[in-house]
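Let's walk through this model together, one question at a time. Have the sequence and the 3D view ready, and we'll begin with a turn.

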Amino acid sequence: TTIFTGGPRSSSRRSRSSANMLDADIHRASLIARIQKKGCVLMLDFDGTLAPVVTHHRRATISSESRSVLSALSKKIPVAIISGRSLTDIRGRVRVPGISYAGSHGLQVRMTRPEGRVHVEMPAHVMSGYRAAKRALVEVARAYPRLRIEDKGMSFALHYRRLTPKQSAAFVRSAQKSIRPYIQKGEIRAINDLSTFDIMPHSGRTKGHCAREMYTVLKGHRD
């Protein structure tokens, strides 16, 4: 969960660790003052935040209570969901009007403001490398029948939660080796998190860039 309020980022290691964050109530007055001055946007992930992490990615759901809370919040402050899922998938699962969405780790963006519709252009050689990397991962996956493959268009995921720890480690090593040439050429980037090995075309753009962009567009608006 992230609330962007603008201003410079702290370089303190302590400030970057949510486990060490001080009680927000202590700083309530200064936080409110900062929000009033700079605006804020509530940004949330989907898997593990709005929905529990599940064995099969297609079974992840958001509760009706959470959906109602999101709807109520969106009438008070701008709300955005940023996910590694495709834009179509995440919008279909959340189904809350009046909030903004970003999918494929920030490569697909649809904000509530007209100026917030982002299309990321990819060079032909990057997309060619991305397609080749997908084929390489499919070959690796043949050795692991319990893997689940998800082609999200602008990202490609292999879900290995059903593998044993030993199999998972071996799969990740093989996957990393198979796509190393494309990473070295700057054609793709990879994310290995929550038992999901995900690749996407390399654009120099991350969820962090997307979050900053959404804050800039949405901070002064309540839709």
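Q: Is Leu194 buried, partly exposed or exposed?
A: In this predicted model, Leu194 has a relative accessible area of 45%. Buried would need a value under 20%, and exposed one over 50%. The value of 45% falls between these limits, so Leu194 is partly exposed.

Q: Where is Leu194 placed, and which strands flank that place?
A: Strands β9 and β10 form a hairpin with two residues between them. Leu194 is found in the turn of that hairpin. Its place is thus the loop between β9 and β10.

Q: What is unusual for a residue that is not a glycine in the phi of Leu194, and what is the value?
A: Most residues other than glycine have a negative phi. Leu194 is not a glycine, yet its phi is positive. The value is about 55°.

Q: Which other residue in the loop between β9 and β10 has a positive phi near 55°?
A: The residue in question is placed in the loop between β9 and β10. It is partly exposed, with a relative accessible area of 26%. Its phi is near 55°, a positive value in a residue other than glycine, and its name is Ser195.

Q: How many bridges join β9 to β10?
A: The two strands run antiparallel, with β10 covering residues 196-201. Among the bridge partners, Asp193 is matched with Thr196, and Ile188 with Pro201. The number of bridges joining β9 to β10 is six.

Q: Which strands are the edges of the open sheet that holds this hairpin?
A: Four strands make up the sheet, with antiparallel pairing, in the order β7-β8-β10-β9. An edge strand here pairs on one side only. That describes β7 (148-151) and β9 (188-193).

Q: By what angle are neighbouring strands of this sheet turned against each other on average?
A: The strands to compare are neighbours in the order β7-β8-β10-β9. With direction ignored, the average angle between such neighbours is 15°.

Q: Which residues lie nearest the centre of the second largest pocket?
A: This pocket has a volume of about 420 Å³, and 21 residues line it. The elements that give two or more residues to the lining are β8 (156-159), β9 and β10. Nearest the centre lie Asp47, Gly84, Asp193, Leu194 and Thr196.

Q: How many residues of the lining of the second largest pocket are charged?
A: The lining divides into three classes. Six of its residues are nonpolar and six are polar. The charged residues number nine.

Q: Why does the pair of Tyr160 and Phe171 tie together parts of the chain, and how many residues apart are they?
A: Tyr160 and Phe171 form a tilted aromatic pair, 5.3 Å centre to centre with 50° between the planes. Tyr160 lies in the loop between β8 and α6 (165-184), whereas Phe171 lies in helix α6. The pair therefore ties together parts whose separation in sequence is 11 residues.

Q: Which of the words stacked, tilted or edge-to-face describes the pair of Phe171 and Phe197?
A: The ring centres of Phe171 and Phe197 are 6.1 Å apart, with 75° between the planes. Phe171 lies in helix α6 and Phe197 in strand β10, so the pair ties together parts that are 26 residues apart in sequence. Planes over 60 degrees apart fall in one class, so the pair with its 75° is edge-to-face.

Q: Which residues form one aromatic cluster with Phe171?
A: Phe171 is buried, with a relative accessible area of 0%, and Tyr160 is buried too, at 8%. Phe197 is likewise buried. The cluster joins Phe171 with Tyr144, Tyr160 and Phe197.

Q: What distance separates the C-alpha atoms of Pro181 and Gly129?
A: Pro181 is placed in helix α6 and is partly exposed, with a relative accessible area of 38%. Gly129 is 52 residues from Pro181 along the chain. Their C-alpha atoms are separated by 9.2 Å.

Q: Which residue in β3 stands opposite Leu44?
A: Strand β2 (residues 41-44) is covered on both faces, with Val41 and Met43 buried on one side and Leu42 and Leu44 on the other. β2 pairs with strand β3 (residues 79-82) in the parallel sense over three bridges. Opposite Leu44 stands Ile81.

Terms used. Residues numbered from 1 in each chain as written. Predicted model: local features only at pLDDT ≥ 70, side-chain atom pairs only at ≥ 80, totals over all residues. Heavy atoms only, no water. Pairing = 2+ DSSP bridges. Axes fitted to C-alpha atoms, helices over the stretch in contact; angles between N-to-C directions. 1 Å grid on protein atoms, 1.4 Å probe; cavity = no way out; pocket = protein on both sides within 12 Å on 5 of 7 lines; lining within 4 Å. Points joined across faces, edges and corners; volume = space filled by probe spheres on them. Nonpolar A, V, L, I, M, F, W, Y, C, P; charged D, E, K, R; others polar. Phe/Tyr/Trp six-rings, centres within 6.5 Å; stacked < 30°, edge-to-face > 60°. Buried < 20%, exposed > 50% of the residue type's maximum accessible area, 1.4 Å probe, protein only.
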